[in-house]
Amino acid sequence: MNSTIARYLAKAPLGVRSIHGAAKKAVPAPRGDIQDPAAFLTKIGRNSASLAEKFKSWEHLFTATPAEMKTAMSLSVKQRRWILNWTEKYRQGVEPYVIPTKPVKKKTK
């Protein structure tokens, strides 16, 4: 570990030994044809559009924590990860697109 970071963490108050996730992430402005959570979730695919009513607003879509998505919204792990990955890509300027999944092959004897 970098000695500067180690010195900082040694002086940090008890319980504040991690700097992971410390900065608040910005809420990007809607752009193009994506103006609301329903449009965003429709664009990213994988049946995410059915979850649109669980997000109150555009800001809520980008500020909801994984814990909130799990407890209050009852989203599965796959749904949470998919939405969180796409919200981060959108913050970075990537326009959403559908990534098809491979169909599950049936086992043959």
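These legends accompany a set of close-up views of a predicted model.

**View A. The whole chain is built from helices, five in number.**
Welcome to the structure: start here to get your bearings. Reading from the N terminus, the elements run α-α-α-α-α, and the chain has zero strands. Of its 109 residues, 26% count as buried. Take the contacts between residues with a separation of 6 or more: 50% of these join residues 24 or more positions apart.

**View B. The largest nonpolar core has 18 residues.**
Which residues touch the most other members of this core? They are F40, L41, F55, L61 and I83. Helices α2 (37-44), α3 and α5 (77-91) are the elements that give two or more residues to the core, and α5 gives the most, with four. As general background, nonpolar side chains in soluble globular proteins tend to be buried together.

**View C. F55 has contacts with residues from P37 to I83.**
Let us stay with one of the core residues named above. Setting aside its neighbours within four places in sequence, F55 is in contact with P37, L41, H60, L61, A64, M69, M73, L75 and I83. Two of these partners, L41 and I83, are listed with F55 among the core residues that touch the most other members.

**View D. H60 sits in helix α3, which spans residues 58-63.**
Is H60 buried or exposed? Its relative accessible area is 10%, so H60 counts as buried. The side chain of H60 reaches the backbone nitrogen of K56 at 3.2 Å. Beyond neighbours within four places in sequence, H60 is in contact with K54, F55, E68 and M73. M73 is also a contact of F55.

**View E. I44, in helix α2, lies beside a later stretch of the chain that includes V98.**
With a relative accessible area of 0%, I44 is buried. I44 and V98 are 54 residues apart along the chain, yet their C-alpha atoms are separated by 5.2 Å. Not counting residues up to four places away in sequence, I44 touches W82, I83, W86, P96, Y97 and V98.

**View F. The loop between α2 and α3 holds both N47 and A49.**
Here are two residues to look at together. N47 has a relative accessible area of 61%, so it is exposed. Its phi is near 60°, a positive value in a residue other than glycine. For comparison, most residues other than glycine have a negative phi. A49 has 37% relative accessibility and therefore counts as partly exposed. The C-alpha atoms of A49 and P37, which are 12 residues apart along the chain, are separated by 8.6 Å. Leaving out neighbours within four places in sequence, A49 is in contact with L41 and T42.

**View G. S74 is found in the loop between α4 (66-71) and α5.**
What is the phi of S74? It is about 55°, a positive value although S74 is not a glycine. At 54% relative accessibility, S74 counts as exposed, since the cut-off is over 50%.

**View H. The second largest pocket has a volume of about 240 Å³.**
Which residues line this pocket? They are R46, N47, S48, L51, K78, Q79, R81, W82, I83, N85 and T101. By class, the lining has three nonpolar, five polar and three charged residues. Some names in this lining will be familiar from earlier views: N47 belongs to the loop between α2 and α3, while W82 and I83 are among the residues that I44 touches.

Conventions
Residues are numbered from 1 along each chain as its sequence is written. This is a predicted model: local features need pLDDT of at least 70, side-chain atom pairs count only at pLDDT 80 or more; totals for chains, interfaces and linings use all residues. Side-chain values use heavy atoms; hydrogens and water are left out. On a 1 Å grid over the protein atoms alone, a cavity is a set of points where a 1.4 Å probe fits but cannot get out, and a pocket is an open set with protein on both sides within 12 Å along at least five of seven lines; lining residues have an atom within 4 Å of a point. Grid points are joined across faces, edges and corners, and a volume is the space filled by probe spheres set on the points. Ala, Val, Leu, Ile, Met, Phe, Trp, Tyr, Cys and Pro count as nonpolar, Asp, Glu, Lys and Arg as charged, and the others, Gly among them, as polar. Buried means under 20% relative accessible area, exposed over 50%, partly exposed in between (1.4 Å probe, protein chains only). A polar contact is a pair of N or O atoms within 3.5 Å; within protein, one must be able to donate a hydrogen and the other to accept it, and residues adjacent in sequence count only if both atoms are side-chain atoms. Contact means heavy atoms within 4.5 Å. A nonpolar core is a set of buried Ala, Val, Leu, Ile, Met, Phe, Trp, Tyr and Cys residues joined through side-chain atoms within 4.5 Å.
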